[in-house]
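User: I should like to learn how the features of a protein model are read. May we work through one together?

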Amino acid sequence: MKFKLLLLSISLLICQSLSAQWGGFGGNKGPKIKGKISGQLIDSLSNEVIPYATIVLTKSGKTKEINGVLTEDDGKFKMSELKMGKYDVSISFLGYNEKKLTEIELTGKKPDVDLGKIPLTSTDYLLGEIEVKEKRALIENKVDKIVFNAEDDSSIAGGDATDVLRKVPTLSVDLEGNVSLRGSQQVRILINGKPSGMFSTNVADALKMFPADQIKKVEVITSPGAKYDGEGSAGIINIITKKENIEGIAGSINASIGNRQSNANGNLNIGRGRFGFTAGGSMYYSHPIDSENCFLRTGNPTQNFSDCISSQSGTVDDILYSFNGVTNSSRLGFNTTASAFYDFNAYNAINTSFSYRGFGADQNSDILGAYFTESFNRLNVGDNLFSGYDWNTDYTRKFENNDKQELTMAVQVSGNIQNQENTIEESGPFTRNELQNNDGDNLEITGQIDYVHPIGKSNKLEVGIKSVIRNIDSDSDFFNFDSATSQYVQDDVRSNVFLYDQNVYSGYASYNFFFKKFNFVTGLRYERTDIQGQGVLESQNFTDDYDNFLPNFAVSKTLKGFRTIKFAYSQRIQRPSLFFINPFRNTADFANVAVGNPTLQPELTSQYEISYNTNILGFTIFSSFYHRRTTEIIEQVVTQNDAGINIQTFNNVGRNNSFGTNIFLSKSIGIFTLRGGGDVYTYDATGIIQGQEVSNEAISYRLFTNGEVSISGTLKADFFGFFQAPRFTLQGETASFSIYGIGFRKDFKNSSIGIRLIEPFNEFKNFDSDITGSDFRQVSRFQLPFRSVGINFRYKFGKVDFKQRRSKIRNTDQKQGEGGGGGQGQGGQGQGQG
């Protein structure tokens, strides 16, 4: 506590001292006979401000530039110290049509001219015979992020958040819902700019709780600054929902029915003057499906075979373990939110929100297989219940002399509860009838103070302090069936309680300034981490602490012709979450045991990035090249003991040097808009597994395309396609993934109806994996029904003006869990650990 107060006091004293010395960081220094031209740029459709656009001043009718600036964060600009006379102002920004304002006259009687709000139109527009109809670009590239406007895409109607993220440039989402940014799963996901406890254990399950219809847009930040938590080394994904604070009364109802998934959601918004209230809720149901599993492990690591199923016919020698089976799974969940705000006056405001969520997932499997030469049959009934809540409250104080000067204090309480239960009946070499329970609780309490101080006309200093207190409990119980009493009796030898505390204290300073049309952002973040573990086993009792200084630097320049170039450097840290450290020993599959590692160290990453954006012959092009070096990389490691049983856990295996490039292109031709691009990146890792040095070099890639056809003003069609090549680890590769679909939407005055088709020509999809160890090789195949069709209906009522508020808290400091089904899995079974 003393450390946090000291940081804040020092920061505020520095700002006060600078303000006193520099006279409030500004002031009119020129003679009174000079004038100025000012204004604010806004998007012509959304009315959102446009920052970092280029403003060029010339003498009226001339081409020689005599002054120029970039618009600030709020879209405003000002050019001072101007002589009396007539001027022309040229405005340009990537993704918008260039605009020119002429004959702006400064006189001795009126030396200052305020141009007011200046609307810019997107380069995506449809020109008809009589009228011009504008539409916002589906994908926007801004100085610090890429924005995907999901609400403008009809092909995602009826889906969930994973369907939305698959269409965002630089992102990829596999079958189970694992999200990668430029090939790395070290990302942090925010909801409306704030963290959520739902992502503390399993990202895939959390994303499936969000209907696509509730998502307004997705922001991808590849080079976060010092004000963001040090974690999420690959970047940050911010999902903006349609739940916003408003003026008026309005709401919407959405419903989708499909053969794979159905959902419904609605929201109500009430705003009156300085008070506003928003509430919403959603439910979704994934219909039961039967997926087929195949798994094979051989004791010969050099054994060649084509796939899992054909290899079980007898073409592979030294088979240690194999099985085939069917898993029936279904899912039912809900999500509710409520938020309110009150503006005490023009300078003081409070905002609070609360959300509650939950879902149940059932997985029942019937497996037939062989362990060496002995056959077995296993029935597994899995019942998983997950729930959680988030409460946020922010207080914002603005200052009368400068509305850009801001002090914010925020607090957040998040809880996440997971209860997993597996009932196993097995005959064969390991005959058993047992019950496995794992209850995991994650409580986070966050406090944060941020201060923004403007310096001069365009520069600003940001400082802040933050503390995150995490208490993670894992209670695992094993029960054996007693046939004499017909009851389950607890197995005290295998049962365990593990308590894990992780506290993070941080402070940061960031300075944003302009110099000769270059925009610079530089900052430094300090983070202190204290860890303590308590458990039954001796290895689970430990303490650890470490300090990290995380610098960042970025410079960008907007050039003529809608071109932008940027260089960025940052250091990040990735701490393991409950998914990786949970010591619960999942033995649902006796020959594939999954267990977490509570002694994991954090990953450390340094990233360099160069990006360039331009327009050529009507093509909008976004491109970047990057290098990412990570030490202490956390990967799942599979080892085999003398009994032929594999142990899956997570280790700090070594380091990875990755180089990559990505490109995105967009082109509008009449009623058609086409987009496409891809990513190519290397995996070059070296590490230690079971005392042996292991290395792996590979190239992976991702390709995507999407587009739309505006058939009429109220009828639109969208399509998309996506392919992710296999991803690599030190021990092998995971399955590739592809998906394509098409959607149609008809809009009416206050409603719309749509249809969505996914993989109409493929009833099933196969997903293969291949892992090799020093004394084994194993392959698996997971097949599930995939063809999907759904109908979506949307109805809106009321009329409002939106005034969105977002929490200042962003907990981005933990490496999040992977995979579906609630935890670690093997061979496509989805057998999880909490």
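User: In which strand does Thr729 lie?

Analyst: This is a predicted model, and what follows should be read in that light. Thr729 belongs to strand β39, which covers residues 728-729.

User: Is Thr729 buried, partly exposed or exposed?

Analyst: The term depends on the relative accessible area: under 20% is buried and over 50% is exposed, with partly exposed in between. Thr729 has a relative accessibility of 23%, so Thr729 counts as partly exposed.

User: Which residues is Thr729 in contact with, leaving aside its neighbours within four places in sequence?

Analyst: With those neighbours set aside, the contacts of Thr729 are Glu635, Tyr683 and Asn696. Thr729 and Glu635 are 94 residues apart in sequence, yet their C-alpha atoms are 7.2 Å apart in space.

User: Why does Lys557 count as buried?

Analyst: The same cut-off of 20% applies. Lys557 is buried because its relative accessible area is 18%. Lys557 is part of strand β29, residues 542-559. Beyond four places in sequence, Lys557 is in contact with Lys516, Lys517, Phe518, Arg563, Thr564 and Ile565.

User: How should a sheet be read, and in what order do the four strands of the open sheet stand?

Analyst: One reads the order of the strands and the direction of their pairing. Here the order is β3-β2-β5-β6, and the pairing is antiparallel. The edge strands, β3 (65-70) and β6 (99-106), each pair on one side only. On average, neighbouring strands of this sheet are turned by 25° against each other, direction ignored. Within the sheet, five bridges join β2 (residues 54-59) to β3, and Thr54 stands opposite Leu70 in β3.

User: How many residues lie between the strands in the hairpin of β25 and β26?

Analyst: There are four residues between those strands, and in this hairpin Ser486 takes a positive phi near 55°. Strands β25 (residues 459-482) and β26 (residues 487-490) run antiparallel and are joined by four bridges. Asp482 stands opposite Gln487 in β26.

User: Which residues touch the most other members of the largest nonpolar core?

Analyst: In soluble globular proteins, nonpolar side chains tend to be buried together. In this model, the largest nonpolar core has 37 residues, and Leu165, Val218 and Ile237 touch the most other members. Apart from it lies another core of 22 residues, including Ile50, Tyr52, Tyr87 and Leu106. Not counting residues up to four places away in sequence, Ile237 touches several residues, among them Leu165, Leu171, Val179 and Val218.

Terms used: Residues numbered from 1 in each chain as written. Predicted model: local features only at pLDDT ≥ 70, side-chain atom pairs only at ≥ 80, totals over all residues. Heavy atoms only, no water. Helix = DSSP H or I, 4+ residues; strand = E, 2+ residues; numbered from the N terminus. Buried < 20%, exposed > 50% of the residue type's maximum accessible area, 1.4 Å probe, protein only. Contact = heavy atoms within 4.5 Å. Pairing = 2+ DSSP bridges. Axes fitted to C-alpha atoms, helices over the stretch in contact; angles between N-to-C directions. Core = buried A, V, L, I, M, F, W, Y, C linked by side-chain atoms within 4.5 Å.
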